[in-house]
Amino acid sequence: MNATLLTGSAPTRARFSFEVFPARSGAAALALGNSVQHLSAAGPDFISVTYGANGSHRDASLDLLAYLRDHTDALPLAHLTTVGESREVIRETIHRILDAGIHDFLALRGDPPRGSDEASPLVAGSLSALELTELISEARAERPAFTSVGRTAVAAYPNGHPLSQGQSADIDWLLAKEAAGAQFAITQLFFRAEEYLSFADAARTAGLRMPLLPGLMPVSTSGQLRKVASLAGRPAPVLLERSLEEAGGYAPELGVEHTISLARELLAGGAPSIHLYTFNRHEQVLAVLGELDLLG
Ligand code: FAD
């Protein structure tokens with residue numbers, strides 16, 4: 001797998017982007033304001049803002065996007081989910097975001113709300129990410145000419161989504177999202193480069209053309225490592241797990257080290273860019289990028 005296979009053209013220098021989520025308290029908002037300044041100064045391709053994840057308030061996402069738009073140089077990218085919302089409300093939300101001058105989206109079905117799961121009727125009856133991708137394209141087409149220029153991203157799952165019926169069905173679904181208008185995909189978290197590289201290879205062989213950005217998170221705590229393992233659908237690397245435990249459950253430098261070596265393998269294997277889940281902190285992700293020589 002090389003860069004040309006994933007991007008269509010060989011990049012000169014690897015690129016990067018960040019994910020943040022709305023703060024849950026005033027103090028956290030102050031800290032986040034400081035962190036996004038540092039993240040923006042690093043020159044990312046975009047900073048994405050989660051939507052309704054872990055029960056967070058959806059308007060808080062729009063506030064954070066507006067903050068990025070008004071107070072940083074970074075391009076804000078809006079995660080948007082469909083779960084529990086009607087087609088009409090989603091359409092209005094897309095226009096509200098476009099009206100706010102945010103043109104780029106990550107189109108998602110969304111996490112099941114607290115107390116429900118993937119099988120609950122509320123979740124199963126929600127529009128899929130594919131339908132949302134189509135709705136975003138339709139909304140852009142309704143805007144005055146030249147005023148909507150953004151891109152749509154979608155999610156991909158190197159180790160399979162909980163609803164997955166196997167890798168080839170997942171890849172078919174990703175291809176369908178591309179055909180519906182997605183221009184790039186961001187992956188769920190994973191621990192081993194091979195998981196991304198073999199998925200990217202299989203997707204490319206099946207005809208995927210859009211860039212597939214690997215999602216990486218430098219964990220600081222044993223709790224975060226467990227959460228990532230559950231999202232990744234694979235056990236955490238034993239050495240990382242043990243070293244974190246021996247350090248008393250908190251050792252940001254271990255997550256940074258692991259992410260640096262994972263990112264090196266991914267970029268050497270042809271990943272076009274890396275997308276860093278920041279956990280609303282700038283120190284670890286900037287340490288990763290500094291070590292990879294991607295800053296400045
Ligand atoms: P979809 O693409 O609609 O479907 C998910 C999976 O279901 C597919 O991969 C496939 O396995 C299966 N599937 C569905 N329909 C079909 C079909 N017709 N044929 C075959 N297979 C099908 N959640 C939030 O609530 N807020 C966020 O901000 C957020 N950000 C995220 C960012 C990233 C990068 C990722 C990877 C996930 C994020 N999530 C977020 C979680 C995401 O919403 C959940 O994983 C959700 O369960 C699936 O969303 P999706 O957009 O991948 O769904």
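The paragraphs below lead through a predicted model, beginning at the ligand and ending at a loop further along the chain.

The ligand is a convenient place to start. It is surrounded by 26 residues, of which R109, Y157, H161, W173 and K177 are the closest. By character, the residues of this shell divide into 12 nonpolar, 9 polar and 5 charged. Several elements contribute to the shell, since strand β3 (76–81), strand β4 (104–108), helix α7 (167–179) and strand β6 (184–187) each supply at least two of its residues.

Oxygen atoms of the ligand take part in polar pairings with the protein. A polar side-chain atom of H79 lies 2.9 Å from an oxygen atom of the ligand, and a polar side-chain atom of H161 lies 2.8 Å from an oxygen atom of the ligand. At R109 the partner belongs to the backbone, where a polar atom is 2.8 Å from a ligand oxygen. Taken alone, the ligand would expose 970 Å², and the protein buries 84% of that area.

H79 deserves a longer look. This residue lies in strand β3, and H79 counts as buried because its relative accessible area is 6%, under the 20% cut-off. Besides facing the ligand oxygen at 2.9 Å, the side chain of H79 makes a polar contact with the side chain of S48, also given as 2.9 Å. Leaving aside neighbours within four places in sequence, H79 is in contact with E19, S48, V49, T50, Y51, L106 and L108. As a guide to distances across the model, H79 and V238 stand 159 residues apart in sequence, and their C-alpha atoms are 32 Å apart in space.

Strand β4, which also supplies residues to the shell, holds D104. With a relative accessible area of 6%, D104 is buried, and its side chain reaches the backbone nitrogen of R151 at 2.7 Å. Beyond residues up to four places away in sequence, D104 touches L75, P76, L77, A78, R140, G150 and R151.

Further along the chain comes helix α11, which spans residues 252–268. The 17 residues of α11 reach 24 Å from the first C-alpha to the last, close to the 24 Å expected at 1.5 Å a residue. Its buried residues are P252, L254, G255, V256, T259, I260, L262, A263 and L266. An α-helix has 3.6 residues a turn, so residues three or four places apart point the same way. Among the elements that cover the buried residues of α11 are α8 (193–205), β8 (215–216), α10 (238–246), β9 (273–277) and α12 (283–291). After α11 comes G270, whose phi is positive, near 115 degrees.

The loop between β9 and α12 contains F279 and N280. Most residues other than glycine have a negative phi. F279, although not a glycine, has a positive phi of about 55 degrees, and the phi of N280 is likewise positive, near 60 degrees. Are these two loop residues buried or exposed? F279 is partly exposed, because its relative accessible area is 43%, whereas N280 is buried, with a relative accessible area of 12%.

N280 also leads back to an earlier part of the chain, since S35 touches N280, R281 and H282, not counting residues up to four places away in sequence. S35 sits in helix α2, which covers residues 26–41, and it counts as buried because its relative accessibility is 4%.

Technical notes. Residues are numbered from 1 along each chain as its sequence is written. This is a predicted model: local features need pLDDT of at least 70, side-chain atom pairs count only at pLDDT 80 or more; totals for chains, interfaces and linings use all residues. Side-chain values use heavy atoms; hydrogens and water are left out. A residue is near a molecule or strand if one of its heavy atoms lies within 4 Å of it. A polar contact is a pair of N or O atoms within 3.5 Å; within protein, one must be able to donate a hydrogen and the other to accept it, and residues adjacent in sequence count only if both atoms are side-chain atoms. Accessible areas come from the Shrake-Rupley method with a 1.4 Å probe; for residues, only the protein chains shown count as cover. Helices (H or I, at least four residues) and strands (E, at least two) are DSSP runs, numbered from the N terminus. Ala, Val, Leu, Ile, Met, Phe, Trp, Tyr, Cys and Pro count as nonpolar, Asp, Glu, Lys and Arg as charged, and the others, Gly among them, as polar. The expected span of a helix is 1.5 Å times one less than its number of residues. Buried means under 20% relative accessible area, exposed over 50%, partly exposed in between (1.4 Å probe, protein chains only). Contact means heavy atoms within 4.5 Å.
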